[in-house]
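Here is a short briefing on one strand and its surroundings. Keep the sequence and the 3D view open as you read.

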Amino acid sequence: MIADAVPLSPTLALNEDLEARRAAGQPVLHLGFGEAGLPALPGLTRALRRAAPRNRYAPVAGSAEARGAAAGWFRRRDLPTDAAQVVLAPGSKPLLYAVIAALPGAVVLPRPSWVSYAAQAALAGKAVVGVPVPAAAGGVPDPDLLPDALARARRAGQRPGILLLTLPDNPTGTLAGPGLLSRICAIAGEHDLVVVCDEIYRDLCYEWPDFRGPAHLLPERTIVTSGLSKSVALGGWRIGFARFPSSTFGDDARRRVVGVASEVWSSMAGPMQDVAAHVLAEPPEVVDHVEASRRLHRTVARAVHDDLLAAGARCRTPDAAFYLYPDLAPWRDGLARLGVTTGAVLARHLLDRHGVGVLPGGSFGDDPAALRFRAATSLLYGRTDDQRWAALRSPDPLALPWIAEALATLRATWAALAG
């Protein structure tokens, strides 16, 4: 069976491991899980309480109100959208799976890329064509390597059909610029690929709202997915949505995805549809909250980035959200003397010796021998909601004692690894 080959997601497995260590009293710095690390806005919890009596099944694609709010959200981001182009789901993750399952062809992935893309392709019985990311940014395949990778896949009997991008990127925290993206979209058009763009971190771009995605460049063949787990920290509420193009292809793809949805999740929970409609209408308190979150993510992620560079590591400068993707290749000789020769061993060493939990690059499809890992800085904001609110509201979050202590621990860890 296909499902037998799919283990527990590495991110969820690591999160459970770290939480168990904390419960056992072990000191742990949790950099291994892509949770936004912030409390829910009180206005959203009130909206959820008001909607709690809604216990009937909603339409498969979502209520008219929620889809209309999502369409307005896209229009304010320079993507003309009608409610009929939108599908909602219990999180963007099942939506991505439904799209992968519903569309024909092998899945072309940047390498590294989010852990679930390749696993979802395997569940759908599809081959994966991995293409390394360029030096400039993650989330997209290197356009200098992509045509040859497509040709090799076809010679091997595969039929590449879906190009899955992440803008901004998880795991690198970077954003592919317009020139790079234009080249990628031109190649996708030449090779008749459908572009599926995971834009769940879009509103957390540091240079907001300076964003151009593939739906602006290849509008008739681009599907965009997003959700509310990152921008407004509602991961546990499971609210996702997708925009399908206004084209014959888009209409057919949406119909196929809604068919999958009808047999897998039926509909997003009714109360969550009301929350989605409220958030996606973007009242002032939501806009202010996202802006404050963006500032906090940038401040902490760039502080950790600067400390890594100061210690001698390599690391792309983050452009969005709360991820870093360090490369400790400059320390390879010293690390080898400690028995650290692969990314997985490095991650285990960081956890067992230093109490720092990260995910190795191999979990994202990277070269297992590379000394790279993903660090998520968003769980450094505090262990309680009071601490997290204080971090969100502080003009200088790096001076807060719990954040300053965490950064000092990380600086000591980098120094120990650097020798």
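Are the faces of strand β8 (residues 240-243) covered or not, and which residues lie on each side? Both faces are covered. Gly240 and Ala242 sit on one side, Phe241 and Arg243 on the other, and all are buried. Bear in mind that this is a predicted model.

**Alternating sides**
- In a regular strand, side chains alternate between the two faces of the sheet.

**Strand neighbours**
- Strand β2 (residues 86-89) pairs with β8 in the antiparallel sense, over 4 bridges.
- In that pairing, Ala89 stands opposite Gly240.
- Strand β7 (residues 222-227) also runs antiparallel to β8, and 4 bridges join them.
- Here Gly227 is the residue opposite Gly240.

**Aromatic contacts**
- The count of aromatic pairs comes to 9.
- One of them is Trp73 with Phe241, an edge-to-face pair with 5.2 Å between centres and 80° between planes.
- Trp73 lies in helix α3 (residues 64-75) and Phe241 in strand β8, so this pair ties together parts 168 residues apart in sequence.
- Phe74 and Phe241 also pair edge-to-face, at 5.8 Å centre to centre and 75° between the planes.
- Phe74 is in helix α3 too, so its pair with Phe241 in β8 links parts 167 residues apart in sequence.
- Ring pairs join Trp73, Phe74 and Phe241 into a cluster.

**Burial in the cluster**
- Trp73 is buried, at 7% relative accessible area.
- Phe241 is buried, at 1%.
- Phe74 is buried, also at 1%.

**A charge over a ring**
- Arg221 lies over the face of Phe249, 5.0 Å from the ring centre.

Definitions and conventions:
Residues are numbered from 1 along each chain as its sequence is written. This is a predicted model: local features need pLDDT of at least 70, side-chain atom pairs count only at pLDDT 80 or more; totals for chains, interfaces and linings use all residues. Side-chain values use heavy atoms; hydrogens and water are left out. Buried means under 20% relative accessible area, exposed over 50%, partly exposed in between (1.4 Å probe, protein chains only). Helices (H or I, at least four residues) and strands (E, at least two) are DSSP runs, numbered from the N terminus. Two strands pair if DSSP finds at least two bridges between them. Rings of Phe, Tyr and Trp (its six-membered ring) pair if their centres lie within 6.5 Å; planes under 30 degrees apart count as stacked, over 60 as edge-to-face and the rest as tilted. A charge sits over a ring if NZ of Lys or CZ of Arg is within 6 Å of the ring centre and within 35 degrees of the ring normal.
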